[in-house]
Amino acid sequence: MSTAEIGLIGLGTMGAALASNIADNGFRVAVFNRTTSVTQSFHADAGELAERIVPTESLEDLVAAIAEPRAIILMVPAGEAVDAQIAALRPLLGPDDLIIDAGNANFHDTNRRARDAGDLPFLGIGVSGGEEGARFGPSIMGGGKRAYWDRVAHILEAISAKHEGTPCATWMGEEGAGHFVKAVHNGIEYADMQMIAEVYGIMRDGLGMEAAGIGDVFAGWNEGVLQSYLIEISGKVAKATDPESGDPMLEVIVDAAGQKGTGRWTVIEAQHLAAPVPAIEAAVMARNLSSRREERTAGEALFSAGPRAISGGVDLEMLEGALIAGKILCYAQGFAMISAASEEFGWALPLPEIAKVWREGCIIRSAMLDDMASALGEDAGRNLMFAGLFADHLKAQHGALREVVAIAASHGIAVPALASGLAYFDTMRTSRGTANMIQGQRDFFGAHGFERFDGRTGQHGPWAMG
Ligand code: 6PG
């Protein structure tokens, strides 16, 4: 009997949480997983939600269990698995049935899949918030034809996080627009996490603080301008104790970060768009170097170095200020990249709406986002670092960022994301830069020509040959 309002394929951590969320919001959801025992135990463990979950054991059964026109969410690993799943599913579907890829797809793949689908309904949606978000309210960034989004918007809005009652689920634009916005979200996530880790490093190595004390500092900051999910969980991570050894968890965890690639995609795309995101680049670089533990250990022995204790000049208030400035610059770079993509791809990405959709549910949710939504609402084309409130924060805090970066550098403490944020800030507030030298060099070796201050273009220097 075709009774389910929606279907879902892939009952991994995120898929299972999303299916439970859908059922919890009163919708009947048909579910399928390649391994039938996973489907069975998911249903068996669903408690009172089980009555709205329809377990199925084949794609045919899944399709038969969903009311027409069907909508089926794919929660399978990004990449080839998505193409394989679409190829297996399409022949079983009617021309009005909608496939929704809700994984962390590369937006180029989503663009391709949307084009390949032709007139067959397809959406690519970015879902953020980790397992808890998927279960109790993620932030959802939709991409594809608006009419397809509208067909399922009531379900996606119902399951999404809410900011003062407003659903954090929004259509971003055609094709891969939703997955693009999700990628930039993840880029900002990487940069924000990295800056927090750098400040943790200064407290640990420079100021000699214990993990629990660092946790208290983060918890305190979470009451102020920095209030955000990432600061909150950083405090909890720092305060946690390993049940096995009794040591702080941070003393047990190896200092080599993993990554699935979304941050790297953001950086690569930013380069294509000529939209600099140096804080995100630094964060990706730092993750890559973090995994080279053997080399780093050899380097410490060779250069008899490593971080040195800081005897003065940095206090906790200064670190908080540096992080405020750094965080604003992360977001500013991310939004500037979205703005560039909007133009390049002809997507008309709704920048204020993006800030709104990130206010709850997602990993980079933060108290700043509401004000960012307002600032972008006033002028979506303006870099956030120039917008009233954020310019004021930067005026007040860039000195702290500068001191922290300088003192970290003079004590051998690597702070690549904070330093790159500072360099971005300084570059963006320098009217007369140094690229005249670059232009001179280019003209010298390649007769590339330059523009003079008097407005004449295509000029050459006296060094030109012949
Ligand atoms: C989210 C997260 C989520 C996940 C990514 C990033 O918004 O919920 O971004 O999508 O954490 O997979 O993970 P990596 O750090 O492994 O790249």
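**Exercise 1. Where is the place of Ala348?**

Solution. The structure is a predicted model, in which local features need pLDDT of at least 70 and side-chain atom pairs count only at pLDDT 80 or more, while totals for chains, interfaces and linings use all residues. Residues are numbered from 1 along each chain as its sequence is written, and side-chain values use heavy atoms, with hydrogens and water left out.

Step 1. Helices (H or I, at least four residues) and strands (E, at least two) are taken as DSSP runs, numbered from the N terminus. On this basis, Ala348 is placed in the loop between helix H15 (316–345) and helix H16 (351–357).

Step 2. The backbone of Ala348 has a phi near 50 degrees, which is a positive value in a residue other than glycine.

Step 3. Accessibility is classed by relative accessible area, with buried meaning under 20%, exposed over 50%, and partly exposed in between (1.4 Å probe, protein chains only). Ala348, with a relative accessible area of 63%, is exposed.

**Exercise 2. Describe the backbone at Glu175, Ser304 and the peptide bond between Glu68 and Pro69.**

Solution. Step 1. Glu175, although not a glycine, has a positive phi of about 45 degrees, and this residue is found in the loop between strand E10 (169–173) and helix H8 (177–206).

Step 2. Ser304 follows H14 and has a positive phi, near 35 degrees; helix H14 itself (residues 293–302) is hardly covered, with zero buried residues among its ten.

Step 3. Glu68 and Pro69 are joined by a cis peptide bond with omega about -10 degrees, and Pro69 is found in the loop between helix H3 (59–64) and strand E4 (71–74).

**Exercise 3. Find the salt bridge between Arg113 and Asp83, and set out what it connects.**

Solution. Step 1. The criterion is a side-chain nitrogen of Lys or Arg within 4 Å of a carboxyl oxygen of Asp or Glu, and by this rule the count comes to 25 salt bridges.

Step 2. For Arg113 and Asp83 the N to O distance is 2.8 Å. Because Arg113 lies in helix H5 (residues 107–117) and Asp83 in helix H4 (residues 80–89), the pair ties together parts that are 30 residues apart in sequence.

Step 3. Arg113 counts as buried at 4% relative accessibility, whereas Asp83 counts as partly exposed at 26%.

Step 4. Both residues belong to a network of salt bridges that links Asp83, Asp101, Asp109, Arg112, Arg113 and Asp116.

**Exercise 4. Treat the pair Lys239 and Asp216 in the same manner.**

Solution. Step 1. The side chains of Lys239 and Asp216 form a salt bridge of 3.2 Å, N to O. Since Lys239 lies in helix H10 (residues 229–239) and Asp216 in helix H9 (residues 211–221), this pair ties together parts that are 23 residues apart in sequence.

Step 2. Lys239 is partly exposed, with a relative accessible area of 40%, and Asp216 counts as partly exposed at 45%.

**Exercise 5. Which residues have the most contacts inside the largest nonpolar core?**

Solution. Step 1. A nonpolar core is a set of buried Ala, Val, Leu, Ile, Met, Phe, Trp, Tyr and Cys residues joined through side-chain atoms within 4.5 Å.

Step 2. The largest such core has 87 residues, and those with the most contacts inside it are Phe180, Trp221, Phe335, Leu349 and Trp358. H15 gives the most to this core, with 15 residues.

Step 3. Apart from it lies another core, of 37 residues, among them Ala23, Ala46, Ile53 and Ile159.
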